[in-house]
Each structure stands twice: as C-alpha cells, then as structure tokens.
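Please find below a colleague's note for discussion at the bench. Kindly read each point beside the sequence and the model.

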Amino acid sequence: MRRRHTPTRLLAIAALALPLILPATPAPAAPPTPARHLSDVIPAPAHTHPDAHNAFRITPLTVIRTTPGSTAARRIGHQLATTLRPATGHPLPVLPVRSTPLPEIALLLGGTDNRIGQEGYQLDVTRRGVTIRANTPAGLFAGTQTLRQLLPADIEAPTPQRTTWTIPGGRIIDYPRFAYRGAMLDLARHFHTVDEITAYVDLLSQYKINYLHLHLTDDQGWRIQIDSWPRLTTVGGGPGTGVDGVGPGYLTKADYQAVVAHAAARHITIIPEIDMPGHTNAAQSTYPELNCDGVAPPPRTDIAVGYSSLCINDELTYRFVEDVIRELAAITPGPFLHIGGDEAHATTDEDYRTFMNRVLPLVAKYGKRASGWNEITQADTSTDHVAQFWGTGTTNASLVAATARGTKVIMSPANKAYLDMKYNANTHLGLRWAGLIEVSDAYGWDPATRVTGIGENAILGVEAPLWSETLRTLDDIEYMAFPRLPAIAELGWSPPASHDWESFRTRLGEQAPRWRLQQVNFYPSPQVPWL
Ligand code: TNX
C-alpha cells in the first residue's frame, strides 16, 4: 500500500511557515502545465461541447460515487481511484450515489444520450462534479480513460504532485466508429511473459482498444499449453525455440486465463490464434506423426516463411486440430478463435480449401466464430467468418467476393498498420518488407477507403499487429507501438470527420509527459511536437 499525504503535508506546512521567517520574495513560478481542453484526448471524442466557466477541481474532499447495486460500476470506480490516488495524494473514497453535497466524480450506468450505444459514454463536467454515464461497463470504463487524459499529465506520477487537478468544463458525447479496435502480439517468434502482455494491455486500454489478438504458434515456437499434445510446449516452446533460439517459453492454461482476466477487467477481449495449415514447423518438428512422411523436420529459428504445411489428407491432422481448438475454446470466453491461414505456400490451393472447409466448421462446433488472415476467403463458403486484411495493395477480389457473402473485414494493411515495420531506415528494431512507416503514414489512411469495394459496412474494425522477429523485451514492444498504436486506435474509434493530422500530432505530443511518467519507451518521431 502506497503511503499518501506525508510529503504533500510537509510541503504545505513549510509553505505556510516560510512567509513568517523570510522576507517576501516572489515564489518561483511552477513550470507551466498547459491547460487541458475537452478535445485534447486520443482517440478524438465524437462530440465535445466545452464550457470554460465550469471546470472541476479534484480536491482532498472529492469522492467517487457509483451506481448503487452495480458491482461493475463499483469496480470501475475502484480502478479510477487506484489510477488517481498516487499523484493526487487524495483519499478518493468510492461510495454509492447519495445526496450528500460533496464534490464528486459519479460513474452511472443508464440514463445516457441515445447516440451512446454499447461502448460509448457521456461525460459532463461542472464546478460541482464530473458525471460519466454509459449503458455498459465497457462504456463507463472508456469514459474514465477520457477523464484520465483530461487531467494534467502529472496525474501519471507515482507519488503526490503539487498540481491543481483541474478537469475542463463541458460535455463529451463519445462512441466508437468501429466495434473492433485491436492490437496483436506475436508470442511465437519471441515469447512474451504474462507480465509483459498485461503491461501492454494496460497501455492499450488507455486508448480504447478492445481486442488483443495473441499469435500463439508459428514455425519457431508453440506458446500455449495443450494437454492432449503435451510436448507442443515443453519441446515446441522449450529451450532453444524462437528466432535465433533465444525466445523460449509458453503460457500454461493458468497463465493464459490470467491474461484473459486481466484484459477483461480493462474491457479487452483476448483472441487466440493457432496459425495453420502453414507456419506449423514447431508442432511438426515436435510430433513426427504430423508430417506426411512421418519424419520430424528440424526445429527452425530463422525468419523464413511459407515452407511448412500440415498433412492435409491425413485424419490425424484433424484429430490434432480438433484437440487444439477444443482445449483453446474451453479457456477462451471471447467470441473469436483465429485460425491463421496466411502464407500457406507449401500447401496446394486445393489442399488449402480442403483443410479450411474441414477446420472452419470445427471452430463453430466449439462455439466460436472463426477469424483468419485474408487468405481464408479463398476457401470460405459460409458468411460468418472474419477476414483480416494484411495486404499492402488496394485491391483484393477474393476479399471483396467474401464480403458480398457477408464476411466482415478487419483492416490491418501491412504498410500502414504493422507496428513491426521500421519508422525509418535507421530504426534499430523491426523489418521493412512492407515499407517504412512514420507516424503520419500510420495515421494517414481511412479503413473504409483502403481497399476498393470494401466500404464502411463491410468493416468490423482495425487492428495493429506487432510481429516479434526482432523484438524481445517490453521496451522493444513499446518502442514500436508508441506512438503508432494510438494512431491506429484513433482510426478505429474516432469519426472520419475528426481526422486531422495537425490536431492529431499536437495531441500526440501532449502524451509524451504521460509516457515518461509511465516509463513507456517511445520513438520520439521528428514529425511530432513533443512536450
Ligand atoms: C508476414 S502478416 C507474416 C508474418 C510475419 C510478418 C512480419 C502475416 C499474416 N504473416 O508471418 O511475422 O509478415 O512483418
């Protein structure tokens, strides 16, 4: 438990005593913290109505009130208090709504503006208090993330700061453009630990990201425990696995469930991916019977792609796949299960279709909706799948045809949304096959006009994948994700009418002091006026 008050109180006592013992000299000016405005938020809110006469100040008397009887609202109240206590040093008790006239931050379910929907919120700031209203806990949580950004950057400090905790007055009505706003981590090329994944989740949740896709298997490693095929992890994820043999490790089922729970508490849904029928060398080098010739290939630690394939005409393949899907579905509360399907260059087109037409129904059999990389549309005959576009071009006939049958699309164009591409030729991490991606490139596209024939209604949302061929640590992850992840988050949430590079780069610059206090390792792009 963090000790509160003491440093602030000592300073206050010293400040009172000083005039008595010293001649009056002007107090040294505190470094100016620029005043916050209601629209200084990433992602940009849908509607803001500032009221300059109605700012609210958080004081030692401020309380957090939540809808009586709602555990979800109370939980969000406690999360907000935990965020605000260290820097303010204020007690901020979380109490049910009552009429006692204390300055308050109220978190209320129901009674919203009718545009708010399932993930939106309404935030009202007057001199007497802040009220956030939403129809769902997810919306309420989103509102608290906006509130956090409306406070001075010092709110991210780990110890009490002498700052006036002013929240600009007025009203925000906010809701997302797309239902799906995702990020992806690749645990296969280099394993990332539970602590690293949950730290990333914490950052994602500040930008209203609501899905985290985990790429759990690939040629270089298998990273999720499957009880019916136990050597997948102990061998396929064991010592010497990963790119250059230095990324070993795997999630036990308990680890995975801990990640799922941590993410759920931040209104982020985990999507597990098992990549198949290609990208399967880790499984095939572990179990010889998964190869058509019954011979296990050697483990691979290089970054080549497109050389492995499961054995399409062997029934054992489908027993294996069904075991994996069944066990994974059982520990995944979210609606989606991602079956990969990319770069299956070692599988013939006919075999690819045979495989997908057997595997897609297995996902449904275990109660999940299948998603896959855009190649799955070459096999997909039903309509309930989600295809993730990762191309660098602006046309894709197979994808357009699938959307005509009802398939929904997640936009992850590699030359815009891939967080593992280098920023410039000197970036020490990352790849460059899809191009160099500066912040203005990551921000400068519209999901609904990127691919000819794939409009707003066909799009479920956007996702920023981060492949780990060159990444090892959380610092590495953060450096590639910040500041481009917030750009993709804004494309997923904010209305197209708010799209404005000058506004975005200014708001991005204001995030820097927050990231420094949170110890986020970000790329200080020369395109951004960093504070
Ligand atoms: C392509 S994108 C891949 C991955 C690599 C990535 C590196 C996709 C569906 N497949 O196997 O890790 O490029 O940027």
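The points below concern the ligand site, the nonpolar cores, selected helices and some backbone details.

1. Status of the model. The structure is a predicted model. Every value quoted here is computed from that model and should be read accordingly.

2. Surroundings of the ligand. Which residues lie closest to the ligand? The shell comprises 13 residues, and the closest are Arg189, Tyr418, Asp420, Trp433 and Glu469. By class, this shell holds 7 nonpolar residues, 1 polar residue and 5 charged residues.

3. Polar pairs with the ligand. Two side chains are paired with oxygen atoms of the ligand: a polar atom of Arg189 lies at 2.8 Å from one such atom, and a polar atom of Glu469 lies at 2.6 Å from an oxygen. For Asp342, the partner is a nitrogen atom of the ligand, 2.9 Å from a polar side-chain atom. Taken alone the ligand exposes 360 Å², and the protein buries 97% of that area.

4. Ser468. This residue is placed in the loop that runs between β19 (459-466) and α13 (474-481). Is Ser468 buried or exposed? Its relative accessibility is 0%, so Ser468 counts as buried. The side chain of Ser468 forms a polar contact of 2.8 Å with the side chain of His192. A polar atom of the Ser468 side chain also lies 2.9 Å from the backbone oxygen of Asp186. Beyond neighbours within four places in sequence, the residues in contact with Ser468 are Asp186, Arg189, His190 and His192. Arg189 thus appears both among the contacts of Ser468 and among the residues closest to the ligand.

5. The nonpolar cores. In soluble globular proteins, nonpolar side chains tend to be buried together. The largest nonpolar core in this model has 108 residues, and those with the most contacts inside it are Tyr200, Leu212, Leu214, Trp222, Tyr256 and Phe320. Helix α8 (residues 315-330) gives the most to this core, contributing 8 residues. Apart from it lies another core, of 33 residues, which includes Leu92, Phe141, Ala157 and Ile167.

6. Tyr200 and Leu485. Leaving out residues up to four places away in sequence, Tyr200 touches Ala183, Leu185, Leu212, Leu419, Leu466, Ile477, Ala481 and Leu485. Leu485 belongs to helix α14 and is buried, with a relative accessible area of 0%. With the same sequence neighbours left out, Leu485 touches Ala183, Tyr200, Leu204, Ile209, Leu419 and Ala464. The C-alpha atoms of Leu485 and Gly182 are 9.6 Å apart in space, although 303 residues separate the two in sequence.

7. Helices α14 and α15. Why may helix α14 be called largely enclosed by the rest of the structure? In α14 (residues 484-493), 10 of the 10 residues are buried, and the helix is therefore largely enclosed. The buried residues of α14 include Arg484 and Glu490 as well as Trp493. In helix α15 (residues 501-509), the buried residues are Phe504, Arg507, Leu508 and Gly509. Cover for these buried residues of α15 includes α12 (439-443), α14 and α16 (512-517).

8. Cis peptide bonds. The peptide bond from Ile42 to Pro43 is cis, with omega near -5°; Pro43 is found in the loop between α1 (6-21) and β1 (47-50). The bond from Phe482 to Pro483 is also cis, with omega near 15°. Pro483 is found in the loop between α13 and α14.

9. Positive phi values. Leu92 has phi near 45°, a positive value in a residue other than glycine. The loop holding Leu92 lies between α2 (71-88) and β4 (94-96), and Leu92 counts as buried at 0% relative accessibility. For His279, phi is near 55°, again positive in a residue other than glycine. His279 lies in the loop between β14 (269-273) and α7, and counts as buried at 2% relative accessibility.

10. An exposed loop residue. Asn313 lies in the loop between α7 (281-286) and α8. Asn313 is exposed, with a relative accessible area of 64%. The C-alpha atoms of Asn313 and Thr354 are separated by 8.7 Å, while the two residues are 41 residues apart along the chain.

Note on methods
Residues numbered from 1 in each chain as written. Predicted model: local features only at pLDDT ≥ 70, side-chain atom pairs only at ≥ 80, totals over all residues. Heavy atoms only, no water. Buried < 20%, exposed > 50% of the residue type's maximum accessible area, 1.4 Å probe, protein only. Helix = DSSP H or I, 4+ residues; strand = E, 2+ residues; numbered from the N terminus. Core = buried A, V, L, I, M, F, W, Y, C linked by side-chain atoms within 4.5 Å. Contact = heavy atoms within 4.5 Å. Polar contact = N/O pair within 3.5 Å; in protein donor to acceptor, adjacent residues only side chain to side chain. Near = heavy atom within 4 Å. Areas by Shrake-Rupley, 256 points an atom, 1.4 Å probe, with all protein chains shown as cover. Nonpolar A, V, L, I, M, F, W, Y, C, P; charged D, E, K, R; others polar.
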